Amino acid sequence: MIDRLPDVRRLASANYTTFKVHDKSFGFLWEATQTVGLKQPLAEQLALVAERPEVFEIQFTAGQFGWVVVHLDGIELDELAELVFEAWRLTAPEALVESHGERLPI
């Protein structure tokens, strides 16, 4: 899924993998816990957690963005793709987002 988005770099560490576009983080993968952390608009973070707290939890907030933890065993692939795409779009330079269009990474 991540590989279908342009200019994404993976940085692996001992405990997690960071996903970046143009040196800015938009997601994290923790394989041991089968969770990802994704950048979202603050309102979306709150809505996701309120709607399905068994799948989503608040990770942290930073300015106008709310990072959300996603439990992978509770989410469908198409919904995960939408959240990953949104996280990438919020982080990538505007010209890159415009050139990619609305193609989801699935």
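Strand S3 gives the most to the lining of the largest pocket, putting in three residues. Keep in mind that you're looking at a predicted model. The pocket itself holds about 200 Å³ of space. Besides S3 (24–30), the elements that give two or more residues to its lining are strand S4 (35–41) and helix H2 (77–91). If you want to find the spot, look for Met 1, Ile 2, Arg 10, Phe 19, Phe 26, Gly 27, Leu 29, Val 36, Leu 38, Leu 72, Leu 80 and Val 84, which line the pocket. Sorted by class, that lining comes to 10 nonpolar residues, one polar and one charged.

Now step back to the sheet. It's an open one with six strands, and reading across it you go S1-S2-S3-S4-S6-S5, with antiparallel pairing. Strand S1 (8–12) and strand S5 (56–62) are the edge strands, each pairing on one side only. From one strand to the next, the twist averages 25°. As for what holds such an arrangement together, strands of a sheet pair through backbone hydrogen bonds, either parallel or antiparallel. Take S1 and strand S2 (residues 17–21): they run antiparallel and are joined by five bridges. Across that pair, Arg 9 stands opposite Lys 20 in S2.

Next come the helices. Helix H1 (residues 42–51) packs on the sheet, where it touches S4, S5 and strand S6 (65–71), and its direction makes about 160° with that of S5. Helix H2 lies across S1, S2, S3, S4, S5 and S6, and it runs at about 55° to S4.

Let's zoom in on one residue of H1, Gln 45. Is Gln 45 buried or exposed? Gln 45 counts as buried because its relative accessible area is 0%, and buried means under 20%. Leaving out residues up to four places away in sequence, Gln 45 touches Gln 40, Ile 58, Gln 59, Phe 60, Thr 61, Gly 66, Trp 67 and Val 68.

Finally, two aspartates are worth a look for their backbone. Asp 7 sits in the segment before S1, and its phi is near 60°, a positive value in a residue other than glycine. Asp 23 is in the loop between S2 and S3, and here phi is near 65°, again positive in a residue other than glycine. How exposed is each one? Asp 7 has 46% relative accessibility, so it counts as partly exposed. Asp 23, at 56% relative accessibility, counts as exposed because that label applies over 50%.

Note on methods: Residues numbered from 1 in each chain as written. Predicted model: local features only at pLDDT ≥ 70, side-chain atom pairs only at ≥ 80, totals over all residues. Heavy atoms only, no water. 1 Å grid on protein atoms, 1.4 Å probe; cavity = no way out; pocket = protein on both sides within 12 Å on 5 of 7 lines; lining within 4 Å. Points joined across faces, edges and corners; volume = space filled by probe spheres on them. Helix = DSSP H or I, 4+ residues; strand = E, 2+ residues; numbered from the N terminus. Nonpolar A, V, L, I, M, F, W, Y, C, P; charged D, E, K, R; others polar. Pairing = 2+ DSSP bridges. Axes fitted to C-alpha atoms, helices over the stretch in contact; angles between N-to-C directions. Contact = heavy atoms within 4.5 Å. Buried < 20%, exposed > 50% of the residue type's maximum accessible area, 1.4 Å probe, protein only.
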